[in-house]
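Colleague: Could we go through the empty spaces in this structure together? Please start with the terms.

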Amino acid sequence: MKYVDEFRDGERARGLAAALRQEAQPGRHYRLMEFCGGHTHAVFRYGIPDLLPDNIELVHGPGCPVCVLPTGRLDMAMRLVLDHPEVILASYGDMLRVPGSERRSLLQARADGADVRMVYSISDALELARTNPQRQVVFFGIGFETTTPPTALGILEARRSALDNFSVFCNHVLTPAAMQAILNVDPASEESVEIDGFIGPSHVSVVIGSDSYAFCAGQYHKPVVIAGFEPLDVLQSILMLVRQLNEGRAEIENQYTRAVTSQGNAKAQQVVQEVFTLRPTFEWRGLGQIPTSALAISDDYAIFDAEKRFAMRYVPAAGTKGCECPAVLRGAKKPIDCKLFATACSPESPLGSCMVSDEGACAAYFTYGRFREDALQRQSQQRAAVKARRQA
Amino acid sequence: MNQVDKSFQAGRRQTRKLDLEHGRVEMNHGAGGRAMADLIDLLFRQAFDNPLLNQANDQACFEVAAGRMVLTTDSFVISPLFFPGGNIGSLAVHGTVNDLAMGGAQPLYLTAGFILEEGFPLKDLARIVDAMAEAAREAGVLIVTGDTKVVERGKGDGVFINTAGVGRVLDGVTVSGDLAQVGDKVLVSGTIGDHGVAIMSQRKGLQFATALQSDSASLNALVAHMADAAGGGLRVLRDPTRGGLAATLNEIAAQSSVGVRLLESALPVRSEVRGACELLGLDPLNVANEGKLIAIVAADQAQQILAAMQRDPNGTAAAIIGEVIEDPMHLVRMVTAIGGERVIDWLHGEQLPRIC
Ligand code: SF4
């Protein structure tokens, strides 16, 4: 674990914090989005905001797979287990606690008798299919480019061993498409977020490579710094972004060189290509329909596609009334701007997806940052005032 | 089976003793007859051997000392039953001894109730009972009465154990969860998370290699040393078992209407525990301990109490890890290694399966 300690060293953190205080220009406000929920979690778990000057603001992005899955897709899974008693739904734990329509979660469906099992990986789901040949096992596949290759390998394995009682409910989504959607929001609209630069995902970038973000710098003139998940990684990437912005540069830089290359992992990309195909469009919680932003199982592997096998149908559905997850996921609001935060909504009884997952912004605020409420409230009032002035 | 065999078996039953090598728990071991008497005589009574138990009554009768007594009970339903550094038997003694010790008491007597699943190997049961006996001897406590029930196969998980205990509060000691005061120091008796990680390392589906041993131990001697060293400044004692340090400190903060601030850099955590937690996405602060205590003590006595702890074999890695602060929200927070601050919360949502 020496390896890890090296990236959590207090001395070096203080050095980076001092550099940030010195280099952040007083007249300027830096609004940086950490796309990835893993970074949001790290930011609060290590108390990174305490080391930043007031004019560097971190905006939390949509990079949390459980968070961005729209209610309608969760409802599909719910209908599947309720209508098909022969189905065992195998899902990651977090997904089970997200409230769907009528605020019912898969966990509640399980209590009512539906066969829903928590698994740690798709291999567990394959094992379930092997040991329950008389049942239909459906793996609830969610996630960004990091979890897609394992799902692809699982499907390949199912074909190899002719596991015909196994299928995947595929909800895999793509990071660059979501970044683009955020950048595409009209700056004059209510929805606009005004982001100066991105702290780029670490694990996702290991798979897709840093070149995948070239459009941010090229088309939109926004810098991206790909960062590791350790606190010193995050601090250093913030410093790299501040430097780019100060110098008027917009480049794709890689702080996480110990794992990320420009091209990514070709093998992983290949299996994904083999098994999946692009969906023309997909709905994201908070970001709406985004073209070519998600994957479906390709025709060659259609027999493993649960949507086809069970004729599942997507019906758009609204989230919990009053839940600000959509705005939180766009970076347009902070969790504390939600009236339900820490009143009706808590990790114990979540009303929205952002309070469920460890990577969700609401959960991170609640679990690690509650004492910041006053400071955050001030910051968010300030932001609203600035925006109002600008619009006037 | 033919007639002759049956009668042969029936004949043998009269003199049959316990087959500790190959035997298994049978329904009649809990039925109140001969088999149950054999089990009690040959296994429990031999291991726990003491005059009160040997009276063989349905209850233990003893003199009561002057002063204040404490009484506690705890049930143990763990999986796996055997883990590096102990088993359910040693844990059942340590757990109850520590519950008494955290009340500032020296433990005197324990009871032991067993719920056994039909088919459980007697050899394993003997190992568990021996570990209990040994743990009791080490803690200087007597197991004076007990109970055994057998449930049908599939209706238990091998062995469940309940222990209850009585003890006498040490002179001059008054500890309670609501006595923490702003300015007090928070101490921990050693490295955190060892027990939980040792158990998880054995569990099916989570197996990973670690040389880590559970920290399961009786802490009554440690508490006696601390009480000797403290001039009345011992305010709160608690063992951070299930839910770990985080849950225990949150309980104390709520009970005493205060806040707590920890220093991450002062927390003793073994590198193996840190590594395993990293791998499993856990926080050592939420992981169970079975041989550690948290003490909240008056600031001016913290150093002398710490020194006394470090002289005890169960407190060599003791450390001052934080202080009690004023906080209307009664939060537990921590200054992180990099110098930021965050809340230390209870664990939310589904916890991992039972680990203590
Ligand atoms: S606090 Fe709860 S209700 Fe509000 S936005 Fe977050 S998840 Fe939704």
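Modeller: A cavity is a set of points, on a 1 Å grid over the protein atoms alone, where a 1.4 Å probe fits but cannot get out, and its lining residues have an atom within 4 Å of a point. Grid points are joined across faces, edges and corners, and a volume is the space filled by probe spheres set on the points. This is a predicted model, in which local features need pLDDT of at least 70 and side-chain atom pairs count only at pLDDT 80 or more, while totals for chains, interfaces and linings use all residues. Residues are numbered from 1 along each chain as its sequence is written, chains are lettered from A and ligands numbered from 1 in the order in which they are written, and side-chain values use heavy atoms, with hydrogens and water left out.

Colleague: How many cavities of 30 Å³ or more are there?

Modeller: There are three. The largest has a volume of about 90 Å³, and the second largest has about 40 Å³.

Colleague: Which residues line the second largest cavity?

Modeller: Its lining includes A:Pro65, A:Ile142, A:Asn171 and A:Phe282. Helix H4 (65-68) and strand S5 (136-143) of chain A each give two or more residues to this lining; helices (H or I, at least four residues) and strands (E, at least two) are DSSP runs, numbered from the N terminus.

Colleague: And which residues lie nearest the centre of the largest one?

Modeller: A:Cys323, A:Cys325, A:Cys338, A:Cys345 and A:Cys362 do, out of 14 lining residues.

Colleague: Changing topic, what follows H9 of chain B?

Modeller: B:Gly281 follows H9(B), and its phi is positive, near 70°.

Notes:
On a 1 Å grid over the protein atoms alone, a cavity is a set of points where a 1.4 Å probe fits but cannot get out, and a pocket is an open set with protein on both sides within 12 Å along at least five of seven lines; lining residues have an atom within 4 Å of a point.
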